[in-house]
Amino acid sequence: MNFSGLYAATLTPFNLDETINHDDLASLVKFNCESGLDGLYVGGSTAEAFLCSTEERIQTLELTAEAATADMTLIAHVGDISTKKSEILARAAGAMPYQAISAVTPFYYPVAFNELKKHYSDVIQAAGKPMIVYNFPAFAGMNLSGEQINELLNIDGVVALKQTSANLYQMEQVTRQNPEKTVFNGFDEILASGLVAGANGGIGSTYNIQAQRMIDIQAAIFTNNAQQATALQREANVLIDALVGAGVIPGLKYVLKQKGIIQNEHCRRPLNVVTDEHKATLNALIEANVC
Ligand code: NAY
């Protein structure tokens, strides 16, 4: 199966008491399924996965799969710092209608490269589904070299890489050296540049509120319209700058609530609510139809 395309990294809506809000989750999934995107990346950083219990993560995967339409490609993020927990999540996702799994490199404890490779092989085996390796040096703390990424891409069952890094030279090298693999751009701020460097698509949090713009950026790059792609990326980045200022996850939930897609904007602590100053900035962008 070809996984290339654009995927929204889904959010997990919570009630004030931090329990998962099922209605909001279903509504957000439905909204994303009607957005023209190719699929959903479920249960990743954007979904506050590492603030949730394993049971809650499995529940989120289930609720999303139930609410999604059949035309969407579903990727379940099952990454954790413990192989055992990742295997539990992978086994659960393996029994659900997800086409692939993905896992961020384990963080916090230093992990040797041979341990990392074994981690991925064990998780793939637990799911029995194709794996998308998730490289995110800034948050995961593991700075993989191009050679190491190539080795990970050669593990049995690995079909793709989610490259959340601003290193566009590495993006070009990895896509050139692995033409048969799918490589996703992970930072929305550089979707146009990532695609120029060879990425076959993107996975992003801000796609939840600017799907059409991301689709248009990809179309502009694929039709060699660099000027149009730059203009659209600049528009996207005005919004992304405001979200980064507000806190990306609380900011996205705030916008989705203002637009009536979800009713509750709460995050899991320690993530906070958006300040009045950032609300004003986001309100102005909503009023100007930027999102
Ligand atoms: C995930 O696992 O949910 C993602 O990685 C989605 C990709 C996002 N990265 C992170 C770390 O949240 O969309 C990006 C990111 O929010 C965006 O580029 C703004 O910085």
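Q: In this predicted model, is K117 buried, exposed or partly exposed?
A: K117 has a relative accessible area of 28%. Buried would need under 20%, and exposed over 50%. The value falls in between, so K117 is partly exposed.

Q: Which residue's side chain meets that of K117 in a salt bridge?
A: Side chains of opposite charge can pair when their charged atoms come close. Here the N to O distance is 2.5 Å. The partner of K117 is E151.

Q: How many residues apart in sequence are E151 and K117?
A: E151 sits in helix α6, residues 146-153. K117 belongs to helix α4. The pair therefore links distant parts of the chain, and the separation is 34 residues.

Q: What is the relative accessible area of E151?
A: E151 is neither buried nor exposed; it counts as partly exposed. That class runs between the 20% and 50% cut-offs. The value for E151 is 38%.

Q: How many salt bridges does the structure hold?
A: The pair of E151 and K117 is a salt bridge. R57 and D80 also form one, at 3.2 Å from N to O. The total for the structure is eleven.

Q: Which parts of the chain does the pair of R57 and D80 tie together?
A: The two residues are 23 apart in sequence. R57 lies in one element and D80 in another, so their pairing ties the two parts together. Those parts are helix α2 and the loop between β3 and α3.

Q: Are R57 and D80 buried or exposed?
A: The cut-off for the buried class is under 20% relative accessible area. Both members of this salt bridge meet it. R57 and D80 are buried.

Q: Why are R176 and E172 separated by about one helical turn?
A: Their side chains meet in a salt bridge of 2.6 Å, N to O. Both residues lie in helix α7, residues 168-177. They are about one turn apart because their spacing in that helix is four residues.

Q: At 47% relative accessibility, how does R176 count?
A: The exposed class starts over 50%. R176 stays under that cut-off at 47%, and E172 has 27%. R176, like E172, therefore counts as partly exposed.

Q: Which residues do salt bridges that share partners join into one network?
A: Here the bridges share partners. That joins the residues into one network. Its members are E18, E56, R268 and R269.

Q: Which residue does a cis peptide bond join to R269?
A: Omega of this bond is about 10 degrees. The partner lies in the loop between α11 and α12. It is P270.

Q: Which elements do the buried residues of α3 pack against?
A: Helix α3 covers residues 83-94 and reaches 16 Å from its first C-alpha to its last. S86, E87, L89, A90, A92 and A93 are buried in it. These buried residues pack against α2, β3, β4 and α4.

Q: Which residue caps the N-terminal end of α3?
A: The cap uses a side-chain oxygen. That oxygen lies 3.3 Å from the backbone nitrogen of K84. The capping residue is S82.

Q: How much of the ligand's area does the protein bury?
A: There are 16 residues around the ligand, with T46, Y134, K162, E189 and S205 coming nearest. Oxygen atoms of the ligand are 2.3 Å from a side-chain N or O atom of Y134, 2.5 Å from one of E189 and 2.7 Å from one of S205. Taken alone, the ligand exposes 460 Å². Of that, the protein buries 92%.

Q: With which residues is Q210 in contact, leaving aside its neighbours within four places in sequence?
A: Q210 lies in helix α9, residues 207-222, and counts as buried at 3% relative accessibility. Its side chain has a polar contact of 2.8 Å with that of R213. R213 is one of the neighbours left aside here. The contacts are A236, L239 and I240.

Q: What is the phi of Y108?
A: Y108 lies in the loop between β4 and α4. It counts as exposed at 70% relative accessibility. Although Y108 is not a glycine, its phi is positive, at about 80 degrees.

Conventions:
Residues are numbered from 1 along each chain as its sequence is written. Side-chain values use heavy atoms; hydrogens and water are left out. The expected span of a helix is 1.5 Å times one less than its number of residues. Buried means under 20% relative accessible area, exposed over 50%, partly exposed in between (1.4 Å probe, protein chains only). Contact means heavy atoms within 4.5 Å. A polar contact is a pair of N or O atoms within 3.5 Å; within protein, one must be able to donate a hydrogen and the other to accept it, and residues adjacent in sequence count only if both atoms are side-chain atoms. A residue is near a molecule or strand if one of its heavy atoms lies within 4 Å of it. Accessible areas come from the Shrake-Rupley method with a 1.4 Å probe; for residues, only the protein chains shown count as cover. A salt bridge is a side-chain nitrogen of Lys or Arg within 4 Å of a carboxyl oxygen of Asp or Glu.
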